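User: Could you take a close look at one part of this model for me, the backbone oddities in the loops, and then walk me outward into the packing around them?

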Amino acid sequence: MRGQNICHAICHPIHGDSVDSINNKLPSIKQLQCFLAVAQELNFRRAAERLRMTQPPLTRHIKCLEEILGCDLFSRNTHEVHLTDAGRMLVEKATYLINEFTLFMREIKNEKAHVRIGFTRTLNFDNIPELGDKIKTLMFGDDIDIQHLTSSQLLHFLSKGQMDIVITGERSLHSEHDFKFHWIYREPLLLAMPSSHPASLKGKIALTDVSDLPLFWFSRNANPVFYDKCEKYFQRLPFLLQRRKEPDDSLVMLANIARGKGMALMPRSMCVFNQEGLCYRELVDDAAQSLNIDVYAVTSKNETREVVINGLNYLLSDTASE
């Protein structure tokens, strides 16, 4: 079956003189970067935008990578993109290879010790200057898009020693014994809603103002702590909040909202897409105190390296206590 070769190669790498690294055709770093962008976004258009390229060359890179590996990395139709089993295995390998190559590049240039930092793709740190500027300083100006991952992926790479500090949305339920969480920021949630709705005329919105709209929502296993935080508030509402499954593509969701088919709670830093019929509104104070994302810098519990501790202290500087 197509895919067995890559599955075997990923799970059972060959060692010793049997590897012909000169004559074998191997994936390029650019192909792996393109693959990771699509794997993280599950959307070719958004991945191309992140990589600052157009979609056709991105697609060519992915097709070439699949030909080299001899398997499909994505299953796709006109509406959705999903990782195949081989694609899911390649995510960890590709991230490791790129991180290792980046380390080598710094070493070969005799650069001083640095901190490997990754951060959640839930937030857009370019729109959070107090954090984004610090992250860029710690990354020495490198392109850090490659580090955009889910919180669970970030903690996995931190546990494997492939990252030094990761920035996550909310704490992990099962990782307190392995990691140390340091609160650094609280990201407000805004309500994305139809501009045609009468409540859009208000400066701040209570969910009771939009009780007729269903909420685009996600499954609990995607982020249990954040899910439970929000659900605790929803249970206090004097009405039953309607739910609608959140699409994989956020632009599809926002287009539906613009047509009056629902609403969504979104991190303020991600509320950048503008479309006719769509608007973003702040929540009333009572809701805003409960509906937010607590952001943490996370290190291994036994971390003692001075460069990492200094980097962490730099991220924590000038932050208010939780």
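Analyst: Let's start at L42, which sits in the loop joining α2 (29-41) to α3 (44-50). Keep in mind that this is a predicted model. Most residues other than glycine have a negative phi. L42 goes the other way: its phi is positive, about 50°, and it isn't a glycine. As for surroundings, L42 is partly exposed, with a relative accessible area of 30%.

E170 has a positive phi too, about 75°, again without being a glycine. You'll find E170 in the loop between β5 (165-169) and β6 (179-194). Is E170 buried or exposed? With a relative accessible area of just 4%, E170 is buried, because the cut-off for that label is under 20%.

Another loop residue to look at is R116, in the stretch between α5 (85-108) and β3 (117-120). R116 has a relative accessible area of 18%, so it counts as buried under the 20% cut-off. Which residues does R116 touch, leaving out those up to four places away in sequence? They are L103, G161, Q162, M163, D164, I165 and R305.

Now to a helix, α6, which covers residues 129-138. Its buried residues are L131, G132, K134, I135 and L138. Looking down the axis of α6, you'd see those buried residues fall within an arc of 165°, so they line one face of the helix. That fits the usual geometry: an α-helix has 3.6 residues a turn, so residues three or four places apart point the same way. What covers the buried residues of α6 includes β3, β5, β6 and α11 (306-316). So two strands from the loop descriptions above, β5 and β6, turn up again here, since E170 lies in the loop between them and both help cover α6.

Finally, the nonpolar packing. The largest nonpolar core has 44 residues, and L207, F234 and L291 touch the most other members. Domain 2 (117-186 + 294-316) and domain 3 (189-291) both contribute residues, so this core lies between them. If you zoom in on F234 and skip its neighbours within four places in sequence, its contacts are L207, L215, W217, L241, R243, L265 and L291. That list brings back L207 and L291, the other two residues named with F234 for touching the most core members. There's also a second, separate core of 25 residues, including L36, I62, L83 and V91.

Note on methods: Residues are numbered from 1 along each chain as its sequence is written. This is a predicted model: local features need pLDDT of at least 70, side-chain atom pairs count only at pLDDT 80 or more; totals for chains, interfaces and linings use all residues. Side-chain values use heavy atoms; hydrogens and water are left out. Helices (H or I, at least four residues) and strands (E, at least two) are DSSP runs, numbered from the N terminus. Buried means under 20% relative accessible area, exposed over 50%, partly exposed in between (1.4 Å probe, protein chains only). Contact means heavy atoms within 4.5 Å. The arc is that of the directions from the helix axis to the C-beta atoms. A nonpolar core is a set of buried Ala, Val, Leu, Ile, Met, Phe, Trp, Tyr and Cys residues joined through side-chain atoms within 4.5 Å. Domain bounds come from an automatic or database domain assignment.
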